[in-house]
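Please open the model in your viewer and keep the sequence panel beside it. Each stop on this tour says what to select and then describes what is there.

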Amino acid sequence: MSDFETYAQKIRDAKPELSNEQKSEVYGLFKQAKEGDNSVEKPGMLSGFEARGKWDAWEAKKGMSKEEAAAAYVTLVKGILGE
């Protein structure tokens with residue numbers, strides 16, 4: 001299991017209280033590390049704020065390699081978990 005997968009599981013298991021900014025950063029880095037650049041159409045207003053927020057968080061990471069995103073994700077999650 002890679003560090004990325006290990007820390008993805010750790011944060012799922014720990015379920016820490018995160019600010020909206022932290023949630024966006026974690027989500028954006030996770031999606032970029034797993035799937036690369038966002039190619040999904042931006043959700044409409046009827047999709048709700050959460051769907052648009054997730055799309056925006058992932059879109060903000062566009063151009064970052066999967067490897068860079070995975071490394072940044074691990075660093076961020078370690079900080080959140082106090083490791």
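Begin by selecting Lys15, which lies in the loop between α1 (3–14) and α2. This is a predicted model, and the values quoted along the way are computed from it. Is Lys15 buried or exposed? Its relative accessible area is 66%, and because exposed means over 50%, Lys15 counts as exposed. If your viewer can report backbone angles, look at phi of Lys15, which is near 45°, a positive value in a residue other than glycine. Most residues other than glycine have a negative phi.

Next, select the two helices on either side of that loop, α1 and α2, and turn the view until you can follow both axes. The axes of α1 and α2 come within 12 Å and cross at roughly 145°, and α1 passes α2 in a left-handed crossing. To see where these two helices touch, show the side chains of Phe4, Ala8, Ile11 and Arg12 in α1, which meet Val26, Phe30, Ala33 and Lys34 in α2. Sorted by class, the residues of this contact of α1 with α2 are six nonpolar and two charged, with no polar residue among them.

Keep α2 (residues 20–35) on the screen and add helix α4 (residues 66–81). These two helices pack at an angle of about 145°, with their axes 8 Å apart, and the crossing of α2 and α4 is left-handed. On the α2 side of the contact, select Gln22, Glu25, Val26, Leu29, Phe30, Gln32, Ala33, Lys34 and Glu35, and on the α4 side select Lys66, Ala69, Ala70, Ala72, Tyr73, Leu76 and Ile80, which they meet. By class, the contact of α2 with α4 has 10 nonpolar, two polar and four charged residues.

Now hide α4 and bring in helix α3 (residues 49–59), which packs against α2 at an angle of about 60°, with the two axes 8 Å apart. How are α2 and α3 placed relative to each other? At that angle, α2 and α3 are therefore oblique to each other, and α2 passes α3 in a right-handed crossing. The residues to show here are Ser24, Tyr27, Gly28, Lys31, Gln32 and Glu35 in α2, which meet Lys54, Ala57 and Trp58 in α3. The residues of this contact divide into three nonpolar, three polar and three charged.

Stay with one of these residues, Lys31, whose place is in helix α2. Which residues does Lys31 touch once its neighbours within four places in sequence are left aside? Lys31 is then in contact with Gly36 and Trp58. With a relative accessible area of 15%, Lys31 is buried, because the cut-off for buried is under 20%.

Finally, clear the selection and look at the whole chain. Its secondary structure comes to four helices and zero strands, and from the N terminus on the elements run α-α-α-α. Taken along the principal axes, the C-alpha atoms fill a box of roughly 40 × 25 × 15 Å. A compact globule with 83 residues would have a radius of gyration near 12 Å, and the chain has 13 Å, which agrees. Buried residues make up 28% of the 83 residues. Of the contacts with a separation of 6 or more, 74% are between residues 24 or more positions apart.

Conventions: Residues are numbered from 1 along each chain as its sequence is written. This is a predicted model: local features need pLDDT of at least 70, side-chain atom pairs count only at pLDDT 80 or more; totals for chains, interfaces and linings use all residues. Side-chain values use heavy atoms; hydrogens and water are left out. Axes are lines fitted to C-alpha atoms, for helices over the stretch in contact, and angles run from 0 to 180 degrees between N-to-C directions. Angles under 35 degrees count as roughly parallel, over 145 as roughly antiparallel, 65 to 115 as roughly perpendicular and the rest as oblique. A crossing is left-handed if the near helix is turned anticlockwise from the far one by less than a right angle, and right-handed if clockwise. Contact means heavy atoms within 4.5 Å. Ala, Val, Leu, Ile, Met, Phe, Trp, Tyr, Cys and Pro count as nonpolar, Asp, Glu, Lys and Arg as charged, and the others, Gly among them, as polar. The radius of gyration is taken over C-alpha atoms; the globule rule is 2.2 Å times the number of residues to the power 0.38. Buried means under 20% relative accessible area, exposed over 50%, partly exposed in between (1.4 Å probe, protein chains only).
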